[in-house]
Amino acid sequence: MIAFAVNFLNSIILLAAGTDWQHVILPMVLACARGWLGLFMIGALTLITEWKQIHASTSRKLLYAFTFPLFMLTYIPISLSALILKVEWKQIRHTRSVSLAQVRRS
């Protein structure tokens, strides 16, 4: 997030100074690619270490590894809204009991 913000501000300054836009876009693309790669590596490491505990097909596990960075990006608006909005805790009543075997079948 910090790298993205710094690159964004730097891009605005460079564009205002008359720098060619291609030299401005490349650092932004590289920052996004590095962030995506970093999150992917965290997801891949978790996938490797927890392979047997994740009850899904191999293709699904690999799909989840590649989409993990996108999933993590959803936390940005959630975190920002938690900082700005007044959040209240609401109790969720759990009235249904499901066994582990039933969960694994579905």
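This report describes the helix packing in a predicted model and the surroundings of selected residues.

**Confidence**

The mean pLDDT over the protein is 87, and 98% of the residues score at least 70. Among the elements, helix H1, which spans residues 2-16, has the lowest mean pLDDT, at 81, while H3 has the highest, at 93.

**Helix pairs**

Two packed helices are described by the angle between their axes and the distance between the axes. The table gives both values for three pairs.

| Pair | Angle between axes | Distance between axes |
|---|---|---|
| H1 and H2 | about 180° | 9 Å |
| H2 and H3 | about 135° | 8 Å |
| H3 and H4 | about 20° | 5 Å |

**H1 with H2**

Helices H1 and H2 pack at an angle of about 180°. That angle makes H1 roughly antiparallel to H2, because angles over 145 degrees count as such. From H1, the contact takes in Phe4, Asn7, Phe8, Ser11, Leu14 and Leu15; from H2, it takes in Trp21, Val24, Pro27, Met28, Ala31 and Cys32. Sorted by class, these residues are ten nonpolar and two polar, with no charged residues.

Two residues of H1 can be looked at individually. Ser11 lies in helix H1 and is buried, with a relative accessible area of 9%; the value falls below the 20% limit for buried residues. Apart from residues up to four places away in sequence, Ser11 touches Val24 and Met28. Both of these partners also appear on the H2 side of the H1 contact.

Ile13 is likewise placed in helix H1. Ile13 is exposed, with a relative accessible area of 57%, a value over the 50% limit. The C-alpha atoms of Ile13 and Val24 are 9.6 Å apart, and the two residues are separated by eleven residues in sequence.

**H2 with H3**

Helix H2 covers residues 21-49 and helix H3 covers residues 58-73; their axes are 8 Å apart and form an angle of about 135°. H2 and H3 are therefore oblique to each other, since 135° falls outside the ranges for roughly parallel, roughly antiparallel and roughly perpendicular pairs. The crossing of the two helices is right-handed. On the H2 side the contact is formed by Trp36, Leu39, Phe40, Ile42, Gly43 and Leu47, and on the H3 side by Lys61, Leu62, Ala65, Phe66, Phe68, Pro69, Leu70, Met72 and Leu73. Of these contact residues, 13 are nonpolar, one is polar and one is charged.

Pro69 belongs to helix H3. Is Pro69 buried or exposed? Pro69 is buried, with a relative accessible area of 0%. When neighbours within four places in sequence are set aside, Pro69 is in contact with Trp36, Leu39 and Phe40. These three residues are listed among the H2 members of the contact with H3. Pro69 and Gly43 are 26 residues apart in sequence, and the distance between their C-alpha atoms is 7.9 Å.

**H3 with H4**

The axes of H3 and H4 are 5 Å apart, at an angle of about 20°. The two helices are therefore roughly parallel to each other, because the limit for that description is an angle under 35 degrees. The contact consists of Phe71, Met72 and Leu73 from H3 together with Tyr75, Ile76 and Pro77 from H4. By class, it has six nonpolar residues, no polar and no charged ones. Met72 and Leu73 of H3 are also listed in the contact with H2.

Ser79 sits in helix H4, which spans residues 75-84. Ser79 is partly exposed, with a relative accessible area of 38%. In sequence Ser79 and Ala31 are 48 residues apart, and in space their C-alpha atoms are 21 Å apart.

Notes:
Residues numbered from 1 in each chain as written. Predicted model: local features only at pLDDT ≥ 70, side-chain atom pairs only at ≥ 80, totals over all residues. Heavy atoms only, no water. Axes fitted to C-alpha atoms, helices over the stretch in contact; angles between N-to-C directions. Helix = DSSP H or I, 4+ residues; strand = E, 2+ residues; numbered from the N terminus. Parallel < 35°, antiparallel > 145°, perpendicular 65-115°, else oblique. Left-handed = near helix turned anticlockwise from the far one by under 90°. Contact = heavy atoms within 4.5 Å. Nonpolar A, V, L, I, M, F, W, Y, C, P; charged D, E, K, R; others polar. pLDDT = per-residue confidence, 0-100. Buried < 20%, exposed > 50% of the residue type's maximum accessible area, 1.4 Å probe, protein only.
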